[in-house]
Amino acid sequence: MTDAEPSTDDHGAGRGDRPRAWVTVLVWAVVALFAAWAALRTLGWEPGFRWRQLVAFTPYVAAAAVLVPVAALVMRRWWASVTAVAVACALSWAVLPRAMRDGDPPAQGPALRVLAANLRAGTVPADDLVNEVRRLRPDVLAVQELTPDAAAAFDAAGLKGLLPHRVLSPSPGVVGSGVYARFPVHEQQMIAYSFRQVRARVDVPGAPPVEVVSVHPCAPSVPRLEACWEAGLKALPPPGGKGPVRLLAGDFNATLDHRLMRGLIDRGYRDAADVTGAGLLATWPVNDVRREPTPHVTLDHVLADPRVAVRSFGTRTLPRTDHRAVRADLTLPRG
């Protein structure tokens, strides 16, 4: 070696190769970030308040993860690319089934249409909600953030004639809820953890008793509400087994990437959007009522008893609320 020749390290890389080492570190750091997200999501470990907010955006992370192995290949980091492919597969496995239709149980009882709507502290105009009920003709309407003024306005606009039976717990602000129905209803013990989650048994002709919960746990928007949010979700009843057919409908303030929501699915509930291949339809935020930009996520759900067939699912936009209403067409088992 002459004095003019560049020195090399133990691997034979010269000074000109040092920038390549930083590229390698950068690529592996990105891969590690996505791998950590995939591991936390797969294991269901939710380490702290901030992660419980972030995990809701897993579909976006899964979409971005597909680009990482491509970037690693372009930069000729082969092992990083192989690892990134495995990470992308893990995230895709968590998200893509929501876009694929599942099978249904052989339910042969009456049809039931369920509509659920967050009223944003009762600000949805009564005429708009009632017109939507006239258009969709739901058998059951579950509402969240129901106020006394809104309940009175809905009846004045004609809701009482369309859905005459109801169990309501209106309250000023965001904690009230209610269940309206075409069929007779019977009030059940309410689930109350700061927010009121009304329960009602609906007598649907030709079907077993149907228990409907208007779901609305606290929103985990700040750390002090995290325990309330968790308690509200944990208190939701399991599927009915051989008892009443149970339906959970409303604003869960949670996505299918949250451990507690997946726990409800593991207990037997079927998410109507997921079952019909519409599980990636976002429901919040809409209508530009929030000042800060937030990626759209799926917080509103209809969860059906495993004995119930889900025929279709859709969303509707109501004015002055930041949530889309959700609609599910179901077939109940025979009574």
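Start at Val204: leaving aside residues up to four places away in sequence, this valine touches Pro110, Leu112, Phe183, Val210 and Leu332. Those contacts belong to a predicted model, so treat everything below as a reading of computed coordinates. Val204 is also one of the residues that touch the most other members of the largest nonpolar core, a set of 33 residues. Leu112, Val140, Val202, Val210, Leu247 and Leu332 share that distinction with Val204. There is a second, separate core too, with 21 residues, among them Leu115, Val124, Val130 and Leu136. This kind of grouping fits a general habit: in soluble globular proteins, nonpolar side chains tend to be buried together.

Now step back to the whole chain. Its secondary structure comes to eleven helices and 14 strands, and the C-alpha trace spans about 95 × 45 × 35 Å along its principal axes. Of the 335 residues, 51% count as buried. If you take the contacts with a separation of 6 or more, residues 24 or more positions apart account for 68% of them. On the outside, the chain exposes about 15900 Å², and carbon and sulfur atoms supply 58% of that area.

Next, the sheet. Six strands make up an open sheet, and walking across it you meet β5, β8, β9, β10, β12 and β11 in that order, with mixed pairing. The edges are β5 (185–187) and β11, each of which pairs on one side only. As a reminder, strands of a sheet pair through backbone hydrogen bonds, either parallel or antiparallel.

Strand β12 is a good place to look at this sheet in detail. On one side, β10 (residues 245–251) pairs with β12 in the antiparallel sense over five bridges, and you can pick out Ala249 standing opposite Val302 there. The edge strand β11 (residues 270–271) also pairs with β12 in the antiparallel sense, over two bridges. In that pairing Arg270 stands opposite Ala304, while Asp271 has Leu303 as its bridge partner.

Are the residues of β12 buried or exposed? The strand covers residues 300–304, and five of its five residues are buried. Looking at the side chains, Asp300, Val302 and Ala304 point one way, His301 and Leu303 point the other way, and all of them are buried. So both directions from β12 lead to cover, because buried here means under 20% relative accessible area.

Just before β12 in the chain there is a backbone feature to check. The loop between α11 (272–275) and β12 holds Pro285, and the peptide bond from Trp284 to Pro285 is cis, with omega near -5 degrees. Another loop, between β1 (111–118) and α6 (126–136), contains Arg120, and Ala121 is found in that loop between β1 and α6 as well. Phi of Arg120 is near 50 degrees, a positive value in a residue other than glycine. Ala121 also has a positive phi, near 55 degrees. For context, most residues other than glycine have a negative phi, and most peptide bonds are trans.

How do those two loop residues sit with respect to the surface, and what is the relative accessible area of Arg120? Arg120 is partly exposed, at 32%. Ala121 is partly exposed too, with a relative accessible area of 31%. To place Arg120 in the wider fold, compare it with Gly206: the two are 86 residues apart along the chain, and their C-alpha atoms are separated by 35 Å.

Finally, turn to the surface around helix α1 (residues 18–43), where Val23 is found. Together with Val70, Val74 and Met75, Val23 forms a nonpolar patch with about 330 Å² of accessible area. Why can Val23 count toward a surface patch? Val23 is partly exposed, with a relative accessible area of 31%, and patches are made of residues with over 30%, so Val23 passes that cut-off.

Methods: Residues are numbered from 1 along each chain as its sequence is written. This is a predicted model: local features need pLDDT of at least 70, side-chain atom pairs count only at pLDDT 80 or more; totals for chains, interfaces and linings use all residues. Side-chain values use heavy atoms; hydrogens and water are left out. Buried means under 20% relative accessible area, exposed over 50%, partly exposed in between (1.4 Å probe, protein chains only). Helices (H or I, at least four residues) and strands (E, at least two) are DSSP runs, numbered from the N terminus. Two strands pair if DSSP finds at least two bridges between them. A nonpolar core is a set of buried Ala, Val, Leu, Ile, Met, Phe, Trp, Tyr and Cys residues joined through side-chain atoms within 4.5 Å. Contact means heavy atoms within 4.5 Å. Patches are made of residues with over 30% relative accessible area and no salt bridge: like charges are joined within 9 Å, nonpolar side chains (Val, Leu, Ile, Met, Phe, Trp, Tyr) within 5 Å. Accessible areas come from the Shrake-Rupley method with a 1.4 Å probe; for residues, only the protein chains shown count as cover. A salt bridge is a side-chain nitrogen of Lys or Arg within 4 Å of a carboxyl oxygen of Asp or Glu.
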